[in-house]
Amino acid sequence: MMKATAIAPANIAFIKYWGKRSNKFRIPLNDSISMNLSGATTTTTVEFSPHFDHDDISFIGEITHEKETERIIQHLDRIRKLAHKKIFACVVTKNSFPKGTGIASSASGFAALTVSAIHAIGLTLTEKEKTILARIGSGSACRSIPDGFVWWHTGKKSSDSYAESLFPSTWWNLCDVLCVVSKEVKSISSSKGMDAIKTSPYWKSRVNQIPEKMDLVKTALQERNINTFGMLLEEDAISMHCVMMTQNPPLFYWNDATLCVMDVVYELRKNGVAAYFTIDAGPNVHIICEKKNEDIVSNEMKKVFGVQSVIVNVPASGAHCIKHHLF
Ligand code: PMV
């Protein structure tokens, strides 16, 4: 049977990807580093069959938008081309968190789709090749394929823009306390938003700083130095949002609750709790701390006005196949 199911984690970047060198192949302007998230996953089952006369795409418990269907079919086309097979598919997807809200659902989504579809169609690819394929579907999806803490090399061309694991998920007992302050689908996707990066007067200075920051983050991870690591990741999130806010048109992804959560993080630090925030293209806030501080951080966050829910993540393994199919 040409059927397979894969589960893939979302990932949170410590040094972030904003801006593409190539739109067609989604080659980023800069390298990035991320961690896979245990509590924000996508599960996808793909079945190819000669009996199907069209591709059938659906999400369990969520509306399927036409644009998403188109992107998924384009990705299936890439995989069909690689496998030299003209055959339609049925794709069913289930997210453990709301899609399109800045919790990187396209990352876990395209990682799960890539891994399930290549297994279903019978292709054997190396991990590097899988990350390259997932990247063309959705840039940051390449970081959801390798294990744990992942480095995405920008590369000069498609074949050398890939992701690899720096440290396994067991390397460091970190936590990402994700504060969900909005479940609304963002009006401008990250993919579209970053296309205007060069309208910000600050983009070059951000991109030029990244190589040095990547090495510093790698060393802080290696040494498990939470204070250095936390300052670096918080600074990088602010730097990316500075670029976003100064683009034309400006992109303000934060809301009132985002700022309230940031304030509580600063308060916690004043009281000796090593907690640091990072924010993607949406209002939700990820708070990074060590496992020993998880309870205090999540209990404080649950009290913050506007925080709808708190999802605690630990470092997770990358995308992989599982036996239980969704249909
Ligand atoms: O791969 P995309 O289009 O979902 O872009 C991700 C961009 C950010 O989440 C804002 C940053 C990052 O590196 O994850």
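**Ser-169 and its partner.** I began with the side chain of Ser-169, which in this predicted model is joined to the side chain of Asp-147 by a polar contact of 3.3 Å. I then looked up where Ser-169 sits along the chain, and found it in the loop between β8, residues 163-167, and β9, residues 174-180. Is Ser-169 buried or exposed? Its relative accessibility is 17%, and because buried means under 20%, I entered Ser-169 as buried.

**The ligand.** Next I turned to the residues around the ligand, of which there are 15, and I noted that the closest are Tyr-17, Ser-106, Ser-140, Arg-143 and Ser-190. By kind, this shell divides into six nonpolar, six polar and three charged residues. I looked up three of the closest in turn, beginning with Tyr-17, where a backbone N or O atom lies 2.8 Å from an oxygen atom of the ligand. For Arg-143 the atom concerned is an N or O atom in the side chain, which is 2.7 Å from an oxygen atom of the ligand. In Ser-190 a polar side-chain atom lies 3.3 Å from a ligand oxygen atom. How much of the ligand's exposed area does the protein bury? Taken alone, the ligand exposes 380 Å², and I noted that the protein buries 95% of that.

**The second largest pocket.** Last, I looked at the second largest pocket, which holds about 160 Å³ of space. Twelve residues line this pocket, and those nearest its centre are Lys-186, Ser-187, Phe-252, Tyr-253 and Pro-283. I sorted the lining by kind as well, and wrote down six nonpolar, four polar and two charged residues.

Conventions:
Residues numbered from 1 in each chain as written. Predicted model: local features only at pLDDT ≥ 70, side-chain atom pairs only at ≥ 80, totals over all residues. Heavy atoms only, no water. Near = heavy atom within 4 Å. Polar contact = N/O pair within 3.5 Å; in protein donor to acceptor, adjacent residues only side chain to side chain. Areas by Shrake-Rupley, 256 points an atom, 1.4 Å probe, with all protein chains shown as cover. Nonpolar A, V, L, I, M, F, W, Y, C, P; charged D, E, K, R; others polar. 1 Å grid on protein atoms, 1.4 Å probe; cavity = no way out; pocket = protein on both sides within 12 Å on 5 of 7 lines; lining within 4 Å. Points joined across faces, edges and corners; volume = space filled by probe spheres on them. Helix = DSSP H or I, 4+ residues; strand = E, 2+ residues; numbered from the N terminus. Buried < 20%, exposed > 50% of the residue type's maximum accessible area, 1.4 Å probe, protein only.
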